[in-house]
Every structure is written in C-alpha cells, then in structure tokens.
Amino acid sequence: MHNDDSKTLEQMPFSEIAKKIIEYTNEGIIITDAKGNILLTNPAFEVATGYSDDEVRGKNPRILQSGLHDQKFYEKMWEEIKTNGFWKGEIWNKRKDGELFVEWLTISSVKDQEGNVSNYIAIFSDITEHKQNVEQLKRLAHYDILTGVPNRYLFTKRLKSLIQTSRKYHQQFALLFLDLDRFKNINDTLGHHIGDLLLQKAAQRLKGILRKQDTIARIGGDEFVIILPNLKHIREAIHIAERIIESLKASFWLNGQEVYISTSIGISFYPYDGEDIETLVRNADRAMYEAKKSGRNHFELYHNELHINDKETLLLENALRKAIDCNELQLHYQPQMDTQTKQICGVEALLRWKHPKMGFVSPGKFIPIAEESGLIAPISDWVLRQACEDLKKLHLDYPHLKMSINISSIYFQQADFMKKLQSVIEAANIHSRLLELELTESTIMPNAEQSIERLVKLKLLGLKIAIDDFGTGFSSLSYLHRFPIDILKIDQSFIKHVSSYQDDASIVTAIIKMAHDLRLQVIAEGVETNKQFKFLQKQGCDYVQGYYVSKPLPLPELDELLKTWNHDEQGE
C-alpha cells in the first residue's frame, strides 16, 4: 500500500494537484473571494510578507499596501482587471515588520459559469534584490565609480538632450572643460591612492559650487566637464569658472598630508561656439589647452583664433612628418666655454627645422607639436644619430670636446630608450664619457625612483648627466642630492638680470654654491654680456654658454670657430 504523499500525479484528483502546486511554488499566491477577502495563501506568501495564512485569512490584501502608490494607481489597476480580466506590473508592498519590498504582481479574475467574478488570484515574485541589482548596474553604467559624478555616457546623454531643449526655446548654455594642473606629478610622487582621494575631494568641492540644474561629469583621469544650462549672459559662466579656480586653490588634507592643486578651464558656449556635442567639447578642450599654455590656474573662453591656430598646427604637423625624409632637420651647435681657461670645451646640439617655404620654424612651435603628435620619438632618434656622427667628425681634430644633447621627457620615458642610446653610441664608435644628456627637472622629478634607476644605468654607460633649466621647475633639493647627476644648467631667465637685480644675482650665487657643495659642476646659459660673464666667473661658475661666446652654428661654421678660437679676442 502507498500513502497519499507517494501517489503519482496521474493518480491524484485535479484539486489535489492544484493544492500541491500552490503549496510548493516559489511565487507567493493569494486567492480572494469576489469582494477581495483573502481565502487562501501559500507558504511562499508567508516567506515574502512575514504574515501567516491564519493572520490574513478573511482580510483584504490592502493590509500589504506600502503607501507609496496613490489612489489613482489602484483605481487604474482595478479598471484594467475589470476590462481585461488581469493586471501585471511592479508594485511596492510592506512586509509584516514594516520593511518595504517591490514585487512583480499578476492579478487575474476568475469567473463562474454565468460569467460573474467569483474569485481573484494574485501571484507575485519578490524582485527587490533584482531591482537593486538593476539600479546598481544602471548606476555603474551612468556614474563614475570613484567620484560619484556622472560619467562620459551620462554627460553625453544630458548634453544631447540640453541641445534639443536649448534649440527649441532659443536658450544658451556653457560647457566648461577642466583639467587639474600637474595632477600626474601628485599621482606619481605621492601614489595613486592619494591621487584618487584628491579626485574625490575635488569633485565634492566642484559639486558644492554648482546649482541643482548644472551637471558635472568626469570624462578622463583628471578631466571634468561642467554643463551650465539656460544662461542669461556669459558672465554667469565666467563667475562660476572664477569660483572654481578660487575653490581649488585651497589646500587638500589627504591622509594627514597637505596637497595643493590648481585647474585650467576652457569654456565654449552654445550656440556661438558649436551646435553639436563634438564641436562644443572640442572647442572647450582647445580653450582649456590655451589656459594651460598661458600659465595654468585660470580660464580661457573659446574664440575663432583658436580654430585658426588649430589649422596652423595641423599644417605644421603634416609638414613635420615629412621633415626627416626631406632632410629639412638640421643640428646647430652652441659652444660652451670654460670660465677659467676661456677655452671652448663643449657644445650643445640644438635642433633646427628649415622648411622650403616657411623658412626656419621656431623650436618653440614645432617641439610641442612633435611631443603631442608622437613625432618626438623618430625626431629624437634622428637627433641622437646625427649628433653622435658629428661628434665623431669633431673628435678627429678636437678629441676632448664634449657634446650635450637635450632629451625630451617623452623620449626619456620610453621603454627602449636605453637600448636605442647604446646602439647609437656603439654605431658611431664614440667615447660615451664625452657625451652629456640634458634632462629637465620636470622629466625626472615626477617618477623619481624610476628616474634614479635609469640615470644609474646611463652613468654605468659612462655618460654625463646635466639638469637643464634649473630653477624653473621643482628645484627640490631633497631629491636633487639623490640623483646621480654631474652638471646643473642655470636657466637663462636668471642670468638675464644678474647685473641689475640683486635677487637674481643672489639666486645664481646660491645655486652655484649649492651645486659645488654637492660636487656638481655649473653651466650658465644665455650669457650675452661681458658684465654677466665677469659676475659668473667671480662666483666660480664653471662654464658659460650664450651669444657672449657664440650663437649656435652649423657644423662647418663651428669647425671654423674652433680652429680660430683665441680667448684673447673675447672682450677682455
């Protein structure tokens, strides 16, 4: 004999099968009479709501109402049930303990043989967790995880919508493009954790300045964009930009460490500076780069001249790409003189570009383009090869002459830099001890530990290392003594006024003394007068470079100068 529980479905009456389904299904089930009074619930109902069948039997399901839906919501729901015989949708209800939950609910009416409603059956699933997951995914898709502000996707979506609204109602709005100045230095020096904290705090400050209708978004590492809708006058955007700059000037305390940052801002306006997303963002970005070029920590408004400059930049970049193959690049050499012997002991290789139509193009113009476009690597390869070949020729008559070569920050940081350098020196068959690499402080300071490691390798190859433009960058003495360097080059901006301004003279004197205390040699660049030379000679400066000695010369003219050089003729 088998008991009832062991019967197969085929052996059970239909009513018993239905009872089993109701009992074991994972969906909550409520069956009511025609008036809506509860006749039956199942175990899944009790799990979801916390109410037992005994507690709710004879009562109306409204005991579950959350209070989040108004009367119209329920009226519409019952209207659909009467019209269609069922209703489906999301609804917020309340558990016995007062906790709100969201469920996917289906209510169907059951009619008797005469077509009158005899019962209602409600079947629901608790989708609270699923809903939370969906909301979380939506948030991840629309918001920056680190700062909590909208990301590029949501920014683009909002900007697209705002353009449509502004076009319809003839409104203007501003787009601000922000870049945190020297953020990379903080990241590299203090670590990414501090960098992340700084971004979070900066975003909070920015949000505190903006109005409810404004949008701030993070679209890159340290890049933020801000939308200021429905402006009556451009002065409103300028006022916000000024407040942002002032706000970010104040120091940030990050893990007990005081950190300073500034920002450069570019501003474009709809519809004057563009009527589509791409144009508005590009023009704000251009204006931001102008702000950086002008000294950082301020804002620039986009104007048509920037567009003209961009066209010129594009033309220069295209011409520069052909410059190597067309033999348009040249090296000129500026002599460096020993202040005591007054003999030329070295030269600095300086890159020149002579275009067939434009003539000589200023390095100040084409070097930044080369760095931004990625052309700096092949150009630097050419400079290294040419300088080493020329040095080999010079050594036939002047075997002790040194040569200095400027190394771009981007080139120095390339993974194969050391390999390339060693290969060029070996191919030219020159003494590496007579080759000097000039690096700026901003090249070696941000990644101090990596720079030290690379500089040690250069020293092991026998090369000399000079720090160029000293005094204009970080000038951090605490780091300086750790670097394996040989020479400090005092920037010409300090030399210019040594005979006129006591402050500049004092700075130069201090740099020379400090360098000698660290057993480093000093070279002053930009020396133009006998007065400047005498001052530097008196202070013990080791070498001078500038028009006082000679302008930069192409190799044949340098060779002539070296042959005829006589220190008695140098204005004593």
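Where is Pro271 found? Pro271 sits in the loop between strand E11 (262-270) and H10, and the peptide bond leading into it from Tyr270 is cis, with omega near 5°. Keep in mind that this is a predicted model. The protein has 22 helices and 22 strands, and buried residues make up 47% of its 572 residues. Looking at contacts with a separation of 6 or more, 61% of them come from residues 24 or more positions apart.

**Helix packing**

- H6 (residues 152-169) and H10 (residues 277-293) have axes that come within 10 Å and cross at roughly 110°.
- That angle falls in the 65 to 115 degree window, so H6 and H10 count as roughly perpendicular to each other.
- The H6/H10 crossing is right-handed. On the H6 side, the contact uses Phe155, Thr156, Leu159, Lys160 and Ile163, while H10 brings Ile277, Leu280 and Val281.
- H13 (residues 376-394) and H15 (residues 417-428) are another pair, with axes that come within 9 Å and cross at roughly 30°.
- Since angles under 35 degrees count as roughly parallel, H13 and H15 are therefore roughly parallel to each other.
- H13 also passes H15 in a right-handed crossing. Here the contact is made by Asp381, Leu384, Arg385, Cys388, Glu389 and Lys392 of H13, with Lys420, Leu421, Val424 and Ala428 on H15.

**Aromatic rings and charges**

- The structure holds nine aromatic pairs. One of them is Phe73 with Tyr74: the ring centres are 5.3 Å apart and the planes are at 90°, so this pair is edge-to-face.
- Phe73 and Tyr74 join Trp87 in one aromatic cluster.
- Phe73 is partly exposed at 23% relative accessibility, whereas Tyr74 is buried at 10%.
- Two charged side chains sit over ring faces. Lys402 lies over the face of Tyr543, at 4.8 Å from the ring centre, and Arg454 lies over the face of Phe412, at 5.7 Å from the ring centre.

**Thr41 and its surroundings**

- Thr41 belongs to strand E2 (residues 38-41).
- With 8% relative accessibility, Thr41 counts as buried.
- Leaving aside residues up to four places away in sequence, Thr41 touches Ile29, Ile30, Asp53 and Val56.
- Tyr51 is 10 residues from Thr41 in sequence, and the C-alpha to C-alpha distance between the two is 9.6 Å.

**Backbone oddities in loops**

- Asn429 isn't a glycine, yet it has a positive phi of about 55°.
- Asn429 is in the loop between H15 and strand E17 (435-440), and it is exposed, with a relative accessible area of 62%.
- Arg519 isn't a glycine either, and its phi is positive too, at about 60°.
- Arg519 lies in the loop between helix H20 (502-517) and strand E20 (521-525), and at 76% relative accessibility it counts as exposed.

Definitions and conventions
Residues are numbered from 1 along each chain as its sequence is written. This is a predicted model: local features need pLDDT of at least 70, side-chain atom pairs count only at pLDDT 80 or more; totals for chains, interfaces and linings use all residues. Side-chain values use heavy atoms; hydrogens and water are left out. Rings of Phe, Tyr and Trp (its six-membered ring) pair if their centres lie within 6.5 Å; planes under 30 degrees apart count as stacked, over 60 as edge-to-face and the rest as tilted. Buried means under 20% relative accessible area, exposed over 50%, partly exposed in between (1.4 Å probe, protein chains only). A charge sits over a ring if NZ of Lys or CZ of Arg is within 6 Å of the ring centre and within 35 degrees of the ring normal. Axes are lines fitted to C-alpha atoms, for helices over the stretch in contact, and angles run from 0 to 180 degrees between N-to-C directions. Helices (H or I, at least four residues) and strands (E, at least two) are DSSP runs, numbered from the N terminus. Angles under 35 degrees count as roughly parallel, over 145 as roughly antiparallel, 65 to 115 as roughly perpendicular and the rest as oblique. A crossing is left-handed if the near helix is turned anticlockwise from the far one by less than a right angle, and right-handed if clockwise. Contact means heavy atoms within 4.5 Å.
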